[in-house]
Amino acid sequence: MNEETSGVWNIRVLNVKTGETFQDTANILVSARGGLNQISWPDIKGLKDFNGKLMHSGAWDESIDLRNKRVGIIGNGSSAIQIVPAIQPLEGLKLSCFARSPTWISSSFGDAAMEKMGMDPRDTKFSRRHREYMARNPDKYSHFRKTLEAEAAKLFPITLEGTIERDGAMALFEAGMRQRLDGREDLATAIVPKFAPGCRRLTPGPGYLEALKEENVALITTPIQEVTTEGIKLASGECVELDVLICATGYDVKAPPTFKVTGRNGTTLAEKWKPYPQSYISIAIDEFPNFLLVGGPNSGLGSGSLISVFEAQGDYVVKVIRKMQRDDYATIEPKAERVADFSQYIDEYFKRTVYTDDCSSWYRAGKTGSRIVALWPGSSAQCLEVLRSPRWEDFVFETADETGNLLRWLGNGWSLTLTGGDPSWFLEADVVDVPEEGKPEESEFYKRRPFSY
Ligand SMILES: NC(=O)c1ccc[n+]([C@@H]2O[C@H](COP(=O)([O-])OP(=O)(O)OC[C@H]3O[C@@H](n4cnc5c(N)ncnc54)[C@H](OP(=O)(O)O)[C@@H]3O)[C@@H](O)[C@H]2O)c1
């Protein structure tokens, strides 16, 4: 809860194991919980009546031995696509895969980059010798990383409707899937989509298509009517008896945190984010001062490196904290108009992308046609540029000064450079006057990019 008078967050923390609670306070609260953490059970009649073992892919029960069991798995998103080939070879297993939508299985991410560097894309274990070689040759390691990152970032045009890259990817993936399905027209008809690749999350899925061809696996696309005590009843009336039912049915991406967050005027985040989450460039929310997001809504990527975005969001948080410390501000809050602007931008941007094609996807707030809530509206490269340099004019600040002198931040005339720092710093590039901890030159990011705000 934000205590408006002092600009401080009051935080009540619950130890879920012991049930104990404790209180803490913070000037800045950062939510870095991401979007894929609240598991979503399928809304299927009778699910809880199932007499066998019921589990979700996001809460795997390691104690369950799947050998010699009749196992059902609902879904064909990234989770099911990885689980199916992993469990298919188990002794005596009979696997029924319930998939109501087609899905693209792409080539592995980074394959082209690996080939470009003369490396075998299947060899991703990287031997100790190879790692030591990279450690001794930082230029080579840097080249390797940059090639992978650049190739991933340059995939961006496949996410745009009307590009040759999008059409090329579709033809390439279809040919790849058909080749891997090796004449199994029944499977190809069921699983190869008509919508553009990337509309729902692209998954490479090594071994998935091959597993579907195995004798102990059945792909079932007939809709599920209900779950019974014995298994699954299909809309055709057929019953599939099961010992274990795995729901690889994803996550509730649009849900606010399970813990209550109360901002200004008693507004809760759950209320604020109805009917869907909105933010200022995925990093902050109006009415929630000093509350920052890493991996918040609309910060996922359909192409490019998500880790680089999360790192840039972390750097953005650091820039906010430094600005508040140096300029003596108690609160920072994005302007509501800018949140509305970003929201409008999102709606317009996605119209010309593959993400609004006719597919079911967790990128959306709900059914096909609803708003894209999980993706950044742009390329990964553009996102990094946006985050690199905060536009402070998009925020409202409240001073921490009680005297009315808004230049109190000038301090007492001393500079930390005079007490152990470098008073001639201005002769060197990329160096700024900051306290010892968190010096910019300690961060790889700032070595490459001059600190700016
Ligand atoms: N890095 C990794 O190794 C890794 C691994 C796993 C997951 N992930 C991340 O997690 C994301 C989510 O993946 P996920 O596979 O867990 O979830 P998901 O992509 O949202 O897939 C959920 C699946 O469950 C199906 N489903 C949901 N409700 C259903 C119902 N009532 N009846 C029948 N089918 C139902 C969906 O069908 P429809 O498509 O028809 O709606 C879909 O096939 C991934 O896209 C990825 O970003 C990452």
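How many helices and strands are there in the protein? There are twelve helices and 15 strands. Please keep in mind while you look around that this is a predicted model.

## The overall picture

Let us start with the whole chain. The protein has 453 residues, and 42% of them count as buried. Its C-alpha trace spans about 80 × 55 × 45 Å along the principal axes. The area that the protein exposes comes to about 24600 Å², with carbon and sulfur atoms supplying 52% of it.

Contacts tell you something about how the chain is put together. Take the contacts between residues at least 6 apart in sequence: 68% of these join residues at least 24 apart.

## Empty space inside

Now for the gaps between the atoms. Rolling a probe the size of a water molecule over the atoms shows where empty space is left. A search of the whole structure turns up one cavity of 30 Å³ or more. About 70 Å³ of space lies in this largest cavity, and 13 residues line it. Which of them are closest to its centre? They are Gly302, Ser303, Tyr355, Trp376 and Gly378. By type, the lining of the largest cavity has six nonpolar residues, seven polar ones and no charged ones.

The second largest pocket holds about 1100 Å³ of space. Its lining is made of 40 residues, and those nearest the centre of the pocket are Ser108, Phe109, Gly110, Asp111 and Leu155. In this lining 20 residues are nonpolar, eleven are polar and nine are charged. Helices take part too: α2 (111-116), α4 and α5 (164-181) each supply at least two residues of the lining of the second largest pocket. Which helix gives the most to that lining? It is α4, with six residues.

## A helix with a buried side

Helix α4 also turns up beside another helix. Look at α11, which runs over residues 380-388 and has Ser380, Cys383 and Leu387 as its buried residues. Why do these three lie on the same side of α11? They do so because they cover an arc of only 55 degrees around the axis. Among the elements that cover the buried residues of α11 are α4 (138-153) and α9 (306-327).

## Three isoleucines to find

Three isoleucines, each in its own setting, make good stops on a tour. The table gives the burial of each one.

| Residue | Place | Relative accessible area |
|---|---|---|
| Ile83 | helix α1 (residues 78-87) | 13%, buried |
| Ile44 | loop between β4 (29-31) and β5 (53-56) | 17%, buried |
| Ile281 | loop between α8 and β13 | 10%, buried |

Is Ile83 buried or exposed? With a relative accessible area of 13%, Ile83 is under the 20% cut-off, so Ile83 counts as buried. Leaving aside neighbours within four places in sequence, Ile83 is in contact with Ser57, Trp60 and Ile73. Ile83 and Gly205 are 122 residues apart in sequence, while their C-alpha atoms are 9.7 Å apart in space.

Ile44 has its own set of partners. Not counting residues up to four places away in sequence, Ile44 touches Ile74, Ile224, Glu226 and Val227. Ala188 lies 144 residues from Ile44 along the chain, and 27 Å separates the C-alpha atoms of the two.

## Backbone details

Finally, a few places are worth a look for their backbone. Most residues other than glycine have a negative phi, and most peptide bonds are trans. Ile281 from the table has a positive phi, near 35 degrees. Asp182 is not a glycine either, yet its phi is positive at about 50 degrees. Asp182 sits in the loop between α5 and α6 (185-191). Is Asp182 buried or exposed? Asp182 is exposed, with a relative accessible area of 59%, whereas Ile281 is buried at 10%.

The loop between α8 (269-272) and β13 (291-293) is the place of Pro275, and Ile281 is found in the loop between α8 and β13 as well. What is the form of the peptide bond from Lys274 to Pro275? This bond is cis, with omega near 0 degrees.

Terms used: Residues are numbered from 1 along each chain as its sequence is written. This is a predicted model: local features need pLDDT of at least 70, side-chain atom pairs count only at pLDDT 80 or more; totals for chains, interfaces and linings use all residues. Side-chain values use heavy atoms; hydrogens and water are left out. On a 1 Å grid over the protein atoms alone, a cavity is a set of points where a 1.4 Å probe fits but cannot get out, and a pocket is an open set with protein on both sides within 12 Å along at least five of seven lines; lining residues have an atom within 4 Å of a point. Grid points are joined across faces, edges and corners, and a volume is the space filled by probe spheres set on the points. Ala, Val, Leu, Ile, Met, Phe, Trp, Tyr, Cys and Pro count as nonpolar, Asp, Glu, Lys and Arg as charged, and the others, Gly among them, as polar. Buried means under 20% relative accessible area, exposed over 50%, partly exposed in between (1.4 Å probe, protein chains only). Helices (H or I, at least four residues) and strands (E, at least two) are DSSP runs, numbered from the N terminus. The arc is that of the directions from the helix axis to the C-beta atoms. Contact means heavy atoms within 4.5 Å. Accessible areas come from the Shrake-Rupley method with a 1.4 Å probe; for residues, only the protein chains shown count as cover.
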